[in-house]
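Reader: Please give me a close look at the interior of this model. I would like to follow the buried parts first and then the loops and helices around them.

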Amino acid sequence: MSRSAKLLLVLAAIAVAAGIGWYLAHPGMLPQPAQQAVAASPTTQVITRGEYLARAGDCVACHTMPTGKEFAGGRAMATPFGSLYVPNITPDEETGIGTWSADEFYRMMHTGISRDGTLLYPAMPFASYTKVTRADSDAIYAYLMSVPPVKQKNRPHELRFPYNQRELLVGWRTLYFREGEYQPDPGRSAQWNRGAYLVQGLGHCAMCHTAVNALGGSSESKAFEGGMIPNQNWYAPSLTSNSEAGLGNWSLQDIKDLLQSGVSQRSTVYGPMAEVTYNSLQYMSDEDIEAMAVYLKALPQRDAEAPPTSQARLVAPNVMELGRRTYEKQCAMCHGDEGKGHPPAYPPLAGNQSITMSSPVNSIRMVLNGGYAPGTRKNPRPHGMPPFSHILNDDEVAAVVTYIRVAWGNSGTPVAPAQANELRTLLPE
């Protein structure tokens with residue numbers, strides 16, 4: 001063998017040795033032997049299911065401060081009767097629910113009675129959670145017991161007299177609470193029943209989409225007929241009226257898209273509903289979202305559907321012209337000269353039921369505040385609408401909202417400057 005050949009052989013051996021050394025120092029880069037999947041233990045499966053169900057119930061929305069630790073409570077919930085402070089539901093034994101049993105947790109979910117026998121205020125949606133099965137309650141309990149415990153004392157409620165007297169809740173419960181797990185309707189499909197269970201129970205959708213009376217209660221006969229969300233100044237539209245948010249003439253795909261991604265070819269979610277989609281619905285399975293859509297689409301229509309009629313005749317010509325000019329300058333770039341939009345990024349305004357609802361509150365708020373659809377798994381980079389409160393005065397806000405509510409055949413009614421001013425005063429300084 002020549003000297004040059006020997007040198008090449010030595011260099012090759014050095015290169016091989018160096019390569020082996022590098023791979024040994026980086027074991028993740030070595031080819032890995034095929035591994036058999038390790039089945040999750042029954043306990044892990046229950047916890048995983050409990051996490052899914054807790055998301056379906058949107059527990060994090062109330063029990064977590066915006067900058068606080070998950071489920072540690074402390075969040076203030078404004079009500080017409082004062083402020084309620086949401087409790088710590090981490091497994092801390094001193095300040096959370098670490099000493100609770102699964103039985104006690106189920107009793108709370110099912111009856112609205114706490115571990116110590118205290119009656120819960122109905123801001124906790126036990127009137128809906130009572131429909132949750134024992135198995136699902138136990139899974140949620142197992143999940144909450146698995147999260148990191150947080151030592152954070154609960155803050156006492158700050159309610160005005162006489163609402164701070166819990167004994168009065170006995171009367172409220174007599175009027176508005178019906179205890180009992182969800183009972184499937186044998187005349188409906190398994191998919192419809194699954195959707196009903198989620199919407200009526202964990203989803204507690206009726207809490208927002210049903211009007212609340214002076215006692216903080218709502219009538220079952222008025223379920224899903226829409227109403228103002230107390231102390232939030234947003235209107236939750238009727239789900240039983242096709243002139244508002246009724247879904248009878250929507251495709252299932254549009255309903256599923258709106259619930260799970262926050263946008264569809266028909267509309268976009270903003271305000272409190274955007275939070276529900278962000279915290280809860282985006283994480284639900286396609287099968288459960290479709291079941292909810294099937295149930296919601298089948299809700300009985302409670303008003304006679306009449307062809308939409310433009311209400312432009314009710315608008316003074318000068319107001320209509322101011323609204324048209326304002327729309328042309330500020331809105332047409334995204335929503336189009338004829339209000340057709342560019343969905344799903346920029347929703348249509350022509351023929352959009354959310355624009356023509358009986359209450360103009362949401363439309364006024366969007367013009368004043370702007371807003372973004374939630375960033376979701378299926379729509380991670382949403383488009384948003386800028387605020388115009390610093391650009392438009394009350395007359396202009398009222399005029400442009402009036403214009404979009406009556407133009408292009410829309411059947412909404414005019415808006416007064418005073419309505420815009422009332423909502424403007426609620427903007428943060």
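Author: Let's begin with burial: a residue is buried under 20% relative accessible area, exposed over 50% and partly exposed in between, using a 1.4 Å probe and protein chains only. You are looking at a predicted model, in which local features need pLDDT of at least 70 and side-chain atom pairs count only at pLDDT 80 or more, while totals for chains, interfaces and linings use all residues. Numbering starts from 1 along each chain as its sequence is written, and side-chain values use heavy atoms, with hydrogens and water left out.

Here is the overall frame. The protein chain has 429 residues, and 42% of them are buried. Its secondary structure comprises 17 helices and 7 strands (DSSP runs numbered from the N terminus: H or I over at least four residues for helices, E over at least two for strands). Taking contacts (heavy atoms within 4.5 Å) between residues at least 6 apart in sequence, 64% link residues at least 24 apart.

Now to the interior itself. The largest nonpolar core (buried Ala, Val, Leu, Ile, Met, Phe, Trp, Tyr and Cys residues joined through side-chain atoms within 4.5 Å) has 53 residues, and the members touching the most others are Phe-105, Met-109, Leu-144, Phe-224, Tyr-295 and Leu-296. Two or more residues come from each of α2 (42–56), α4 (102–111), α5 (126–129), α6 (134–146), α7 (169–176), α8 (190–202), α10 (252–261) and α12 (286–297). Leu-296 is a nice place to stand inside this core: beyond its neighbours within four places in sequence, Leu-296 contacts Val-199, Leu-239, Leu-247 and Leu-259. There is also a second, separate core of 22 residues, with Phe-388, Val-400, Leu-423 and Leu-427 among its members.

Two residues of that second core, Phe-388 and Val-400, also help to line the largest cavity, together with Gln-330, Cys-331, Val-367, Met-385 and Leu-392. A cavity here is a set of points on a 1 Å grid over the protein atoms alone where a 1.4 Å probe fits but cannot get out, and lining residues have an atom within 4 Å of a point. The structure holds 1 cavity of 30 Å³ or more, and the largest has a volume of about 30 Å³ (the space filled by probe spheres set on the points, which are joined across faces, edges and corners). Its lining divides into 6 nonpolar residues, 1 polar and no charged, where Ala, Val, Leu, Ile, Met, Phe, Trp, Tyr, Cys and Pro count as nonpolar, Asp, Glu, Lys and Arg as charged, and the others, Gly among them, as polar.

Polar residues are tucked away too. Ser-261 sits in helix α10 and counts as buried because its relative accessible area is 7%. Its side chain reaches the backbone oxygen of Asp-257 at 2.6 Å, a polar contact (N or O atoms within 3.5 Å, one able to donate a hydrogen and the other to accept it; residues adjacent in sequence count only if both atoms are side-chain atoms). Outside the four places on either side in sequence, Ser-261 meets Lys-256, Thr-277, Pro-374, Thr-376, Lys-378 and Asn-379.

Ser-280, in the loop between α11 (271–279) and α12, is buried as well, since its relative accessibility is 2%. A polar atom of the Ser-280 side chain lies 2.6 Å from the backbone oxygen of Arg-55 and 3.5 Å from that of Ala-56. With residues up to four places away set aside, Ser-280 touches Arg-55, Ala-56, Asp-58 and Glu-275.

The loops hold some backbone details worth a look. His-204, between α8 and α9 (206–209), has a positive phi of about 35° although it is not a glycine, and is buried at 18%. Trp-408, between α16 (394–406) and α17 (417–424), likewise has a positive phi, near 55°, but counts as partly exposed because its relative accessibility is 24%. Cis peptide bonds join Phe-161 to Pro-162, with omega about 5°, and Pro-343 to Pro-344, with omega about 0°. Pro-162 belongs to the loop between β3 (158–159) and α7, and Pro-344 to the loop between α14 (332–335) and α15 (361–369).

Finally, Asp-395 lies in helix α16 and is partly exposed at 47%. Its C-alpha atom is 8.1 Å from that of Ala-420, 25 residues away along the chain. Apart from neighbours within four places in sequence, Asp-395 contacts Leu-322 and Pro-417.

Note on methods:
On a 1 Å grid over the protein atoms alone, a cavity is a set of points where a 1.4 Å probe fits but cannot get out, and a pocket is an open set with protein on both sides within 12 Å along at least five of seven lines; lining residues have an atom within 4 Å of a point.
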